[in-house]
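Me: I have a structure open and would love a close look at one part of it, with the surroundings filled in afterwards. Could you walk me through it at an easy pace?

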Amino acid sequence: MYILIKTILILLLILFSFQTKAEDVVVVGKITGQINFDGMPNEKAWQSATNFGLVMHSPSFGEKPSENSSVLVGYDTEYLWVSAQLNYKDPSTIVSTSKKRDEESKNPDAFGIIFDTYNDNENGLAFFTMPAGQRIDFSVSNDAVVVPSYLGSTNINYSWNTFWDVKTARTESGWSVEMRIPFSSLRFQEVDGKVQMGMLINRTISHCNEIDTYPAVDPKYGLTAPIKPSLATIIEFEGISNSKPIYVAPYVIAGSDKEWELNDSETAFNENTGKPFNAGLDVKYSLTSNLTLDLTVNTDFAQVEADDERVNLTRYSLFFPEKRMFFQERSSIFSFNLGGAEELFYSRRIGTDDGRPTPILGGARLTGKIGKWEVGIMDMQTGKTDNILSENFGIFRIRRQVINPNSYVGAILTSRIGTDGTSNYSYGVDGIFRIFGDDYVQVKVAQTTDLDGNNFTADTNPSFANLSWERRTEEGLGYDLSYSYLGENFDPQVGFIMRSGVTGVRLRSQYGWIPGAESKFFNYKLTMFYARSQRLIDNGLEMSFYGPGIAFTTKSGWTGRGGLYINLQGIYDEYSIADNVDVPVGEYKYLVTRLNASTPFSKPVSSEFSVVAGQFYDGNNFTVTAEPKVNLSASLQFSGYYNFNHVVFSKRNQELNAHVGRLKVLYMYNTKLSVSSFIQYNSVNHMTLTNFRLRYNPKEGNDLYLVYNEIRPTSGYFSEGVSETKFLSRIFQLKYVHTFRL
């Protein structure tokens, strides 16, 4: 199978040449007059911009929107301008419950635009706002496809930020918007004096749970359809050029950093103090209109929020998403997905050790396009600590379109080199091909060296291969059939994998309906899932999982999913779930029920719920999770999380009652000043985590942070005979970043 996949990929590379299909292009009008940037698009200059009419996407696709909108897009030599007049029959129905930068909630009304700046049908840059006038920008990768994993990843990155401005105003009939996006904040290609981009426009009307779009976007492409670059209209600009500014952003940080660690005799905790003062620098330089160089020195992430606590009942490592902004910039180019959350390159390998930050001395990143190739190059150097060597991390990634606008081939190379001479390299080659309609075939092969950095070989032990066929649709028949192979010695030291030494198949099929205007349902579907993998070491069962399910979404915003699944697990090595709770070696077969539901997110109070109940190996498990969210006003938000796991192995007299709780509070004085705080409790780790963060962001690139973090042990953390301590970690930091444009 490994040789077959390689052969298929090579043949595709040889047989198909790059081509694009003819599509309608909308030429955007150029603005020549002056615009008073105040959120009120009433200047005469707007008359030369291009008007775009919206169509209802949901709850009834293709219908006339319930509220009138007027959207204009234009440009001058420096800015891309967007305006909107968003009218209401009854302006009192406007929902404005947030002033948060990068608000992800679907509760408030919203307006936004997505640009596929390279017109590659996969990646996009989104600019949104709400009635309070906050900036919401995020990047879209992999055509916003929902990755089938326990994380529910959608390839949407809210950590991406750039330089732009937005202003809103209340009017007698609703609210209005003006956006001013510098061309220097976008990356695009100019051909014969013209620039083409994909464009999508979205309007959310909360009180009736409505989304309107331009162009018309068929809901059969799923919940992320309104932001999928492949569904965008192509727009064209003429005679624009991209300035090449240099952004220099130094930072200074001061505070107190203390940790308490168990001494060598394991009888007491020693207090360790970190640096009270630090400084560093980030530089961004646009080499060309579509190629950007980023440099960083003494990189710091003091303002990054802590990871959410979770209980792990599996024998595999938990995946935590990247939250550090430096690694989020154009991060999609570096992705080489191995299935679910697994990646050949996982940026959290850089500057972290078991979740704890380690020093990053500096590095460089080059991203953009060279000709028809999308390119990403990164090199980072970490510092030495008492327990960790200084290491160098490198990654080189290229991709380009072939056959049609939705098909790509690419390659990747990663390296990890320690100062002690240890090294690890990996390479991969991948292709995704839209063969007809909504059907896609993906081919991926990869290989790693061992820790000594030995040469790549033809041996399959350090290799990975995957072949899949997928139909991407929520209406009618959809499916995803894949085969994968992970060799016993496949070990990407710059990546993330849950396990190696397995081979298996997976089939996800569904049949969906979108019933139309007369139904109370927006969509519903029947599903069937089957997966099975085997260990290579003994050809024994690793796991198998299969069963039917059902899912629905109502037009009022309720969602529900449920399924009844048979699990088969082959435990080769005994593993521990918690203290004195273990799963012995053997094969197990058990039945599990999974239920998920959510209330309408457009309401001030909403919640998600999930229940997992049934057998668990040779025992039983009951897991319940609730995630309530409350928007009291545009200035105050609360969110909570509670997870309870009850695991019983009565035959072995073992029991686990695990609790994870989290409460977050966000106060927004205005769109520039906010205060957030949260507290987490994990009964398995026997600790509580507290975070407080004040952020003042007077303009993009200038930030003042006041951050306090602490970790406290709770009852059961200390072993007998150990002197207790009140804290395990306590950090207080004041950080200021100021960006200069040269």
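Which residue in E12 does Leu-86 stand opposite?

Reply: Happy to take you through it. Please keep in mind that this is a predicted model. In E12, the residue across from Leu-86 is Trp-175. That pair belongs to an antiparallel pairing of E6 with strand E12, residues 174-182, and nine bridges hold the two strands in register.

Leu-86 has a partner in another strand as well: Ser-69 stands opposite Leu-86 in E6. This contact belongs to the pairing of strand E5 (residues 69-75) with E6, which is also antiparallel and counts seven bridges. Between E5 and E6 the chain turns through a hairpin of three residues. E6 therefore has E5 as one partner and E12 as another.

How enclosed is E6 itself? Strand E6 covers residues 79-87, and seven of its nine residues are buried, so the strand is largely enclosed by the rest of the structure. As general background, side chains in a regular strand alternate between the two faces of the sheet.

A similar arrangement can be followed further along the chain. Strand E19 (residues 277-288) pairs with strand E20 (residues 291-299) in the antiparallel sense, over seven bridges. Two residues lie between E19 and E20 in their hairpin, and Thr-288 has Leu-291 of E20 as its bridge partner. E20 also runs antiparallel to strand E25 (residues 360-370), to which eight bridges join it. There, Thr-299 is matched with Ile-360 in E25.

The loop after E20 leads us to the charged contacts. Asp-308 and Arg-662 form a salt bridge through their side chains, at 3.7 Å from N to O. This pair ties together distant parts of the chain: Asp-308 sits in the loop between E20 and strand E21 (337-339), while Arg-662 lies in strand E43 (residues 654-668), 354 residues apart. The two partners differ in cover: Asp-308 has a relative accessible area of 26%, so it is partly exposed, whereas Arg-662, at 11%, is buried.

In total, the structure holds 29 salt bridges. Among them is the contact between Arg-101 and Asp-102, at 2.9 Å from N to O, and both of these residues are buried. Another joins the side chains of Arg-535 and Asp-538 at 3.1 Å, N to O. Arg-535 is buried because its relative accessible area is 11%, while Asp-538 reaches 38% and so counts as partly exposed. Shared partners also build a network of salt bridges, made up of Arg-101, Asp-102, Arg-135, Asp-137 and Glu-700.

Let us finish on the surface, with a nonpolar patch. Leu-477, Tyr-511, Trp-513, Phe-521, Tyr-524, Leu-526, Ile-550, Phe-552 and Trp-558 make up this patch, and together they have about 830 Å² of accessible area. Strands E33 (502-513), E34 (521-535) and E35 (541-554) are the elements that give two or more residues to the patch. The most come from E34, which gives three. Phe-521 belongs to strand E34, and its relative accessibility of 33% is why Phe-521 counts as partly exposed.

To return to your starting point, Leu-86 stands opposite Trp-175 in E12 and has Ser-69 opposite it as well, within a strand where seven of the nine residues are buried.

Methods. Residues numbered from 1 in each chain as written. Predicted model: local features only at pLDDT ≥ 70, side-chain atom pairs only at ≥ 80, totals over all residues. Heavy atoms only, no water. Buried < 20%, exposed > 50% of the residue type's maximum accessible area, 1.4 Å probe, protein only. Helix = DSSP H or I, 4+ residues; strand = E, 2+ residues; numbered from the N terminus. Pairing = 2+ DSSP bridges. Patch = residues over 30% accessible without salt bridge, like charges linked within 9 Å, V, L, I, M, F, W, Y side chains within 5 Å. Areas by Shrake-Rupley, 256 points an atom, 1.4 Å probe, with all protein chains shown as cover. Salt bridge = Lys/Arg side-chain N within 4 Å of Asp/Glu carboxyl O.
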